[in-house]
Structure formats: structure tokens, C-alpha cells
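Subject: Structure handover

Hello,

Here is the structure you asked to take over. Please open it first, then read the notes underneath.

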Amino acid sequence: MRALLLAFTLVAGLACFHGRESQAQIQAQTQTQTPSLTVTDRGTSRTISRRELLADPRLQSVTVSYDPVYRRAMTYRAIAVSEFLKGTRIGDDDYVQARTDDNFSVSIPADLLVNAARSSAQAFLAVEDPSVPWPAIPGTTKGSAGPFYIVWRGGTRAEISSEYWAYHLAALTITDSPFKRWPGLAVAADVPATDPIRRGLDRFVAVCMACHRFNGEGEGEQGPDLARPMNPVDYFQPAALRKYLRNPSSVRAWPEQKMPAFDEANLSDANIDAIIAWLAYKARQRR
Ligand code: HEC
């Protein structure tokens, strides 16, 4: 039965590969199977089904005053991520990589996810109960944010990048810091601590690497590598690049365009300039 369902999913997926509905249809079919979440801690994985999570006594009702995916207040059945990841070995500098079922992946500093002491932010793993489904994500064909979704209470919007609200969550993996894993991104020691280039790297890792690699480093799969073969600072007019990062469709637009626009609260003008400064710094290093 499972094999049949899978075959059907593949055929249906291929048949409408170019259609705009394909993602939504595949999504809907995936959701009729038993959804589960995989947690990997240094090579050891465990998979937890939605049914198990919905029976977890640590589930509580969590209200977030502004959910950037639904663009309004929302209430969820959720488990504090600090509780959920209890028992895993998380070092102070580690990151947790959140991967979605469409290969979007974002690295979140582990201490932000599990250690409420660092900031006022608290992360929760929200679980969608199929008998009380969540609404569809507005303005998309992606269905709801479920079955698993990382939501945040407290914290500033600058601190909790909108990419950290990982919906359609499929896996959490505890890893070394991206700065350790991808040393090619680094800024040399002679760059002063206050130089925007450093903040640019930090924001690039937090916001852009969910989809983009840089010179082969990273795990993003949705967008192009931003250093190979060319770095965008080498072919974009500076003003157009700034405009593109604020809102790609203000530079060029087409139906299948995937790169999101960022509003000022998620990515300030100063941070856009900092990211461009870091891109330009890396381009200079290669010359
Ligand atoms: C959700 C995924 C996603 C995120 C996050 C994202 N991008 Fe993109 N980006 C894409 C995709 C996909 C494309 C290819 C065009 C498209 O489909 O929109 C793209 C295209 C681009 C391009 C244009 C490349 C070209 O030659 O046309 C640049 C430059 C770029 N992204 C930079 C960035 C930067 C810098 C960030 C972080 C501020 C970022 N992107 C965040 C997905 C993303």
C-alpha cells in the first residue's frame, strides 16, 4: 500500500512537474501519510510520529502575538524546544539545522533554541492536529504550515530572523556552527570587530544560506551558488542589487520566482548593505 501510494505520488508529481499546483499536490499527498519528524544528534537519529507528539504530556497551548508566516496572532499546541531536545548533547557553539520537506534548510544557533537565558526568545515545536487543521499559509499554494512548525515567543524580530520560523519541518539536526563547518565564509582576523562585513556574514548565514551556497559551501538547494561562477557584486549594479535583496520582484518577476522579499523588520537596510559589503569583500579576496 505504501509502495503504491509512493508510486502514485511520484507519477502525479512528474505528470504536473511544470504546473504551479505540483508542490501543493505533492504536499497534500505527503500529509495523508503519517507525518514524522527526524531528530539527528551526531549520527544518531530517531523518528517521532505526529501521533506520538500529539500524545506528549509536555504539549501546551502557546499563543504568539505575531506569526510572520500567518501575519497575525496564532495559537498552537506546542512543546518547548528546550524540553523536546532534552537528552541530546548540545554544545554552547552548536547549531540546530532545521530542514523542511522541500529541502529548505536553516541553521539556528542552539543556545537561541534551547537556552532561554540568552534572550527573551523562546522556541516551540508546534504540532498540527489533523482533527483541528491550521489554515493555509496566506498568499501561497503551500497548504498549512504543518504538520510541524517552529514558532517563537518573545525576542526581537531582528534577533529571530523570519527564516527561523521553519514550517513544513521534517528534520532537526544538531551540528557544529556553520562558521566551523564552512571556513571559506570567514572574514580575516584583520577586519575590525565593528566592521559591517562581519555583521554581513552573520546575516548571510542566518538569512540567505537557507537557500544559497557560497563557493560550494553550505547546504542550500533552492537558489544559485552566490560565488560560483560569479559573485552578484560582479554583475549587478549596486543600486539594483540592494533593490533585489529587499524585493526580488521589483527587479524582475516571473510566476515561478522563489526568492522571498524581506521587509525592513526582518532585514534592515543596514543589514542589506552589510551583506553586500561581505559579498564584495569575498569577491575582492578572489581577485
Ligand atoms: C527561500 C529561499 C531564498 C532565500 C532565503 C534567499 N534567496 Fe536569493 N534566490 C533564491 C532563488 C530560488 C533564486 C533564483 C531566482 C528565484 O527563483 O527567485 C535566488 C536568487 C538570488 C539572486 C540573483 C541571482 C541572479 O543572478 O539572478 C541573488 C543576488 C540572491 N538570490 C541573493 C540572496 C541573498 C543575499 C539572500 C539573503 C538576504 C537571499 N538571496 C535569500 C532563493 C532564496
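Does Arg 42 count as buried or exposed? Arg 42 has 11 C-beta neighbours inside 10 Å, and a residue with 12 or fewer is called exposed, so Arg 42 counts as exposed. Please keep in mind that this is a predicted model.

Backbone points to look at

Arg 42 sits in the loop between β1 (36–41) and β2 (44–49). Its phi is positive, about 50 degrees, although Arg 42 is not a glycine. Arg 71 is another residue other than glycine with a positive phi, near 55 degrees. Arg 71 belongs to the loop between β3 (60–67) and β4 (72–80). Arg 71 counts as exposed because it has 11 C-beta neighbours inside 10 Å. As background, most residues other than glycine have a negative phi, and most peptide bonds are trans.

Two peptide bonds are worth finding as well. The bond from Gly 146 to Pro 147 is cis, with omega near 5 degrees. Pro 147 is in the loop between β7 (122–127) and β8 (148–153). The bond from Arg 228 to Pro 229 is also cis, and its omega is near -10 degrees. Pro 229 is in the loop between α7 and α8.

Overall content

The protein has 9 helices and 9 strands. Of its 287 residues, 29% are buried. Take the contacts between residues at least 6 apart in sequence: 59% of them join residues at least 24 apart.

The sheet

One open sheet has 5 strands in the order β2-β1-β9-β5-β6, and its pairing is mixed. β2 and β6 (105–109) are the edge strands, so called because each pairs on one side only. On average, neighbouring strands of this sheet are turned by 20 degrees against each other, direction ignored. For one pair in detail, go to β5 (residues 95–100) and β6, which pair in the antiparallel sense over 5 bridges. Within this pair, Tyr 95 has Pro 109 in β6 as its bridge partner.

Helix α9

Helix α9 covers residues 269–286, which is 18 residues. From its first C-alpha to its last α9 reaches 26 Å, close to the 26 Å expected at 1.5 Å a residue. Which residues of α9 are buried? They are Asn 271, Ile 272, Ala 274, Ile 275, Ile 276, Trp 278, Leu 279 and Lys 282. When you look at how they are spaced, recall that an α-helix has 3.6 residues a turn, so residues three or four places apart point the same way. The buried residues of α9 pack against α7 (196–208) and α8 (238–246).

The ligand

How many residues surround the ligand? There are 19, and the closest are Cys 208, Cys 211, Gly 223, Lys 258 and Met 259. The elements that give two or more residues to this shell are α7 and α8. By class, the shell has 13 nonpolar, 4 polar and 2 charged residues. Helices α7 and α8 therefore come up twice in these notes: the buried residues of α9 pack against them, and they contribute to the shell around the ligand.

A simple order for going through the model would be the loops, the sheet, α9 and then the ligand.

Regards

Technical notes
Residues numbered from 1 in each chain as written. Predicted model: local features only at pLDDT ≥ 70, side-chain atom pairs only at ≥ 80, totals over all residues. Helix = DSSP H or I, 4+ residues; strand = E, 2+ residues; numbered from the N terminus. Expected span 1.5 Å × (residues − 1). Buried ≥ 20, exposed ≤ 12 C-beta atoms within 10 Å, placed from the backbone. Contact = placed C-beta atoms within 7 Å. Pairing = 2+ DSSP bridges. Axes fitted to C-alpha atoms, helices over the stretch in contact; angles between N-to-C directions. Near = placed C-beta within 6 Å. Nonpolar A, V, L, I, M, F, W, Y, C, P; charged D, E, K, R; others polar.
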